[in-house]
Amino acid sequence: MANFYSVLLTAITIVAGLIWLYDAKVAKPKRRAQVEAEEKRLQQTLSDDAKERIAPQGSIAEFAQSVFPILLVILVLRSFLYEPFRIPSASMMPTLLEGDFILVEKFSYSLRDPIWRHELIEVDTPERGDVAVFKFPPEPSLDFIKRIVGLPGDRIIYRNKTLYIQPACEEGMQDCPELEVIERNLESTDGIFFNGATPLQQFREQLGTVSHATLVDPTVGNRSKYYFQQNGTARDEWIVPEGAYFAMGDNRDNSEDSRYWGFVPQENLVGRAVFIWMSFEMDRKPTSALPQWIPSGIRWQRLGGVE
């Protein structure tokens with residue numbers, strides 16, 4: 001089921017629409033008949049002000065008539081086209097930072113109803129390297145954002161902080177793809193990211209056709225004992241089942257992702273992150289007179305597409 005805000009917006013829109021429909025089909029003809037009867041009695045045409053005094057439209061109906069078109073447009077845009085999301089954590093650094101506000105393209109993969117999320121139209125499937133928003137499989141009321149690393153049928157290995165992928169062997173292929181190390185190169189950048197007081201290493205990774213940055217914490221050891229264990233594979237190895245995807249955060253040592261809880265079902269996909277439309281700095285000092293939730297600045301240089 002959709003989250004609370006989607007349900008609330010849909011419910012309010014339906015209620016406003018029903019009030020507007022009742023007023024248009026039932027109450028308005030009664031008001032018109034009342035005005036016509038008065039004009040017939042007086043044998044003259046009444047002004048608009050006089051008509052309003054004789055048969056006024058109710059304030060609730062008037063309000064519903066005003067807001068229903070706006071609510072309907074917002075509902076359609078949010079449910080089927082683009083929905084704004086706020087990045088709440090550091091799991092996708094350096095691609096997405098805490099305080100970034102992004103637009104998610106809802107029609108990238110499918111069109112779904114805004115309440116029960118039943119698929120209405122299948123549009124496309126995720127590509128390797130997509131930054132996707134999805135319903136968190138262990139708790140579908142939460143929205144997660146990660147990068148799609150593994151496609152159905154892929155063999156994924158994450159060992160010694162190195163990613164290996166063996167693409168699925170499609171039916172009819174004579175030579176199946178080999179297991180390959182995902183190329184990455186250590187980057188020297190002006191901006192340095194930290195985990196507490198520890199500076200993080202930044203790499204440039206080539207994931208399919210997508211080149212993107214990742215972060216690694218050199219002080220974090222092997223965490224494979226916490227990984228999701230799939231039957232028939234090694235602790236740090238997974239075979240992506242049909243109709244599912246393997247997702248990882250770009251901040252590799254600070255991301256709760258498929259390595260820890262498993263695969264993302266196709267039906268959990270919400271859309272693809274396409275644009276950063278606002279980015280707030282949230283580093284207000286504890287001694288500040290203003291509350292911590294008030295942004296300390298705007299990162300204008302971050303506005304633009306998501307790679």
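A pocket, as the word is used here, is an open set of grid points with protein on both sides within 12 Å along at least five of seven lines. Keep in mind that this is a predicted model. With that settled, let's look at the open space, the annotated residues beside it, and then the enclosed space.

**The pocket**

The largest pocket comes out at a volume of about 410 Å³. Lining it are 19 residues, and F85, R86, P88, D143 and F144 are the ones closest to its centre. Two elements give two or more residues each to that lining: strand β1 (82–86) and strand β6 (143–150). The chemistry of the wall is mixed, with 10 nonpolar, 4 polar and 5 charged residues.

Where does the largest pocket sit relative to the two domains? Domain 1 (1–81) and domain 2 (88–305) both contribute lining residues, so the pocket lies between them.

**The annotated active site**

An unreviewed UniProt entry puts the feature "active site" at S91 and K146. These residues span 56 places in sequence, yet their C-alpha atoms are no more than 8.0 Å apart, so they gather at one spot. Both S91 and K146 are also part of the lining of the largest pocket.

Take S91 to begin with. Its home is the loop between β1 and β2 (100–105). Is S91 buried or exposed? Its relative accessible area is 8%, and buried means under 20%, so S91 counts as buried. Setting aside neighbours within four places in sequence, S91 is in contact with I145, K146, G249, D250, N251, N254 and S255.

K146, on the other hand, is found in strand β6. K146 is buried too, because its relative accessibility of 3% falls under the 20% cut-off. With residues up to four places away left out, K146 has a list of contacts that includes S91, M92, D130, V131, A132 and F134. Also among the residues K146 touches are A247, M248, G249, S255, E256 and D257. G249 and S255 turn up in the contacts of both S91 and K146.

**The annotated membrane spans**

The feature "transmembrane region" also comes from an unreviewed UniProt entry, which places it at residues 6–22 and 63–82. Here is how those two stretches look in the model:

| Span | Helix | Strand | Distance between end C-alpha atoms |
|---|---|---|---|
| Residues 6–22 | 100% | 0% | 24 Å |
| Residues 63–82 | 95% | 5% | 27 Å |

**The enclosed cavity**

Now for the closed space. How many cavities of 30 Å³ or more does a search of the whole structure find? The search turns up 1. The largest cavity has a volume of about 220 Å³. Its lining is made up of 20 residues, with S79, K106, R112, R117 and V270 nearest the centre.

Helix α3 (59–81) and strands β1, β3 (110–112) and β18 (269–281) each supply at least two of the cavity's lining residues. The largest share, 3 residues, comes from β3. Sorted by class, the cavity wall has 7 nonpolar, 5 polar and 8 charged residues. Domain 1 (1–81) and domain 2 (88–305) each provide at least three residues of this lining.

Strand β1 is worth a second look on your screen: β1 gives residues to the lining of the largest pocket and also to the lining of the largest cavity.

Note on methods:
Residues are numbered from 1 along each chain as its sequence is written. This is a predicted model: local features need pLDDT of at least 70, side-chain atom pairs count only at pLDDT 80 or more; totals for chains, interfaces and linings use all residues. Side-chain values use heavy atoms; hydrogens and water are left out. On a 1 Å grid over the protein atoms alone, a cavity is a set of points where a 1.4 Å probe fits but cannot get out, and a pocket is an open set with protein on both sides within 12 Å along at least five of seven lines; lining residues have an atom within 4 Å of a point. Grid points are joined across faces, edges and corners, and a volume is the space filled by probe spheres set on the points. Helices (H or I, at least four residues) and strands (E, at least two) are DSSP runs, numbered from the N terminus. Ala, Val, Leu, Ile, Met, Phe, Trp, Tyr, Cys and Pro count as nonpolar, Asp, Glu, Lys and Arg as charged, and the others, Gly among them, as polar. Domain bounds come from an automatic or database domain assignment. UniProt positions are given in the numbering used here, feature names are shortened, and annotations may be inferred rather than shown by experiment. Buried means under 20% relative accessible area, exposed over 50%, partly exposed in between (1.4 Å probe, protein chains only). Contact means heavy atoms within 4.5 Å.
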